[in-house]
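Please find below my notes on the model, set out as numbered points for discussion. They go from the overall make-up of the chain to individual elements and residues.

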Amino acid sequence: MATGSTDSARSPSSGVLQKLLLVFFVCIAASTYKAIQPPPSKLCGSPDGPSITGPRIKLRDGRHLAYKEHGVPRDEATHKIVVVHGSDSCRHDNAFAALLSPDIKEGLGVYMVSFDRPGYAESDPDPNRTPKSLALDIEELADQLSLGTKFYVIGYSMGGQATWACLKYIPHRLAGVMLVAPVVNYWWKNFPLDISTEAFNQQARNDQWAVRVAHYAPWLTHWWNSQNWFPGSSVVARNLGMLSKSDKEIMFKLGAARRQHEAQIRQQGTHETLHRDMIVGFGTWEFDPMELENLFPNNEGSVHLWQGDDDVLVPVTLQRYIAQKLPWIHYHEIPGAGHLFPFAPGMVNNIVKTLLTNDGVKN
């Protein structure tokens, strides 16, 4: 009598097929994992990394922060300002220093320091970057440069995440604050759903998806903006076609003025610069700026928010709502202006004078 069963018998070919399928799926999984992992940053000063060309400080966690000083000498200054650059920029992109008239600079005793945010140009990356860590970086920079107990902060565009954080985490160090076209997080909890949704939908479809990925699946951000199947973030791709008419006119006038240091901006890699900006800027914040309290109840200083009403990168409707919720912020809306309005003639003079002299501030 036969003891075997034909049902339980396995042919050699079926076992080989299963092994091949297993190897196939393992390879697919490994390739997928590799594709979504960002490449390591090319640290400045490392054997294969970019050179260090400017001064840097060493921070509390061992990272280095590169900075650049502008204006009157630090020890002679009456007003000391920390400038926080926007996305795809660096310490050299300080329009507030470059375009400020010598009369104001010297007359008001203005000293400015701009710095490379983590991962940009010559500052070490910070994979654990948060709005709070950015505020602490600024405080430590101010301390190591001996800027005094109080200083001013100007944050432009994506530099707004650090500037809002300064208002939250180091308010005791601030003499005044200027938010210039600060990028807004659509998921701040105090935005009414209809207002944030309407503003979100004003973006191009590819930017809507890029922002969604940064918020809901930050671990996919690098892959999303690196693959070639469909377009990722317009900012990452440097797609100037999505700018407003006024911004394009300003870009045309600027020409190649900033291209001397263009290669430095992303030299350590895109992930810890632009991608990290998106992850932090559009991630889940541990505070909502619309819950902040008045920093200067006795008008000993002031907080300002400047915004163009034709900005296609940062919806003006959200800034208006923030200004409504925080009436102690002095809101300045510029008709017909886009995201690059600080580069328009005379604008930097107006912004800086308003911050330092309280011009136009109603008591």
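1. Helices (H or I, at least four residues) and strands (E, at least two) are taken as DSSP runs, numbered from the N terminus. On that basis the chain contains 13 helices and eight strands. This is a predicted model, in which local features need pLDDT of at least 70 and side-chain atom pairs count only at pLDDT 80 or more, while totals for chains, interfaces and linings use all residues. Residues are numbered from 1 along each chain as its sequence is written, and side-chain values use heavy atoms, with hydrogens and water left out.

2. Burial is judged by relative accessible area (buried under 20%, exposed over 50%, partly exposed in between, with a 1.4 Å probe and protein chains only). Of the 363 residues of the chain, 53% count as buried by this criterion. Contact here means heavy atoms within 4.5 Å, and among contacts between residues at least 6 apart in sequence, 78% join residues at least 24 apart.

3. Helix H4 covers residues 131-144. The expected span of a helix is 1.5 Å times one less than its number of residues, so the 14 residues of H4 should span 20 Å, and the end C-alpha atoms are indeed 20 Å apart. Ten of these 14 residues are buried, and H4 is therefore largely enclosed by the rest of the structure. The buried set consists of Pro131, Ser133, Leu134, Ala135, Asp137, Ile138, Glu139, Glu140, Leu141 and Ala142, and thus includes acidic side chains as well as leucines.

4. Asp137 of H4 also appears in the surroundings of arginine 63, a residue of the loop between strand E1 (56-58) and strand E2 (64-71). Arginine 63 is buried, with a relative accessible area of 7%. A polar contact is a pair of N or O atoms within 3.5 Å; within protein, one must be able to donate a hydrogen and the other to accept it, and residues adjacent in sequence count only if both atoms are side-chain atoms. The side chain of arginine 63 makes such a contact with that of aspartate 61 at 2.8 Å and with that of aspartate 137 at 2.9 Å. Not counting residues up to four places away in sequence, arginine 63 touches Ile57, Lys58, Pro118, Asp124, Pro125, Asp126 and Asp137.

5. Two residues other than glycine with positive phi deserve a look. Serine 146, in the loop between H4 and strand E5 (151-156), has phi near 55° and is exposed, with a relative accessible area of 53%. Alanine 181, in the loop between strand E6 (174-180) and H6, has phi near 45°, but is buried, with a relative accessible area of 0%.

6. Helix H7 (residues 205-216) has twelve residues that should span 16 Å, and its end C-alpha atoms are 16 Å apart, which agrees. Its buried residues are Asn206, Asp207, Gln208, Ala210, Val211, Val213, Ala214 and His215. What covers them includes helix H6 (193-200), helix H8 (221-224) and H11.

7. Arginine 266 sits in the loop between helix H10 (262-265) and helix H11 (271-281). Its side chain and that of aspartate 88 are joined by a polar contact of 3.0 Å. Leaving aside neighbours within four places in sequence, arginine 266 is in contact with Asp88, Val235, Val236, Arg238 and Leu274. Arginine 266 and cysteine 90 are 176 residues apart in sequence, yet their C-alpha atoms are 9.2 Å apart in space.

8. Glutamate 291 has its place in the loop between H11 and strand E7 (303-308) and is partly exposed, with a relative accessible area of 46%. Beyond residues up to four places away in sequence, glutamate 291 touches Lys189 and Asn190, and its side chain makes a polar contact of 3.4 Å with the side chain of lysine 189. From glutamate 291 to lysine 168 the separation is 123 residues in sequence and 9.5 Å in space, C-alpha to C-alpha.
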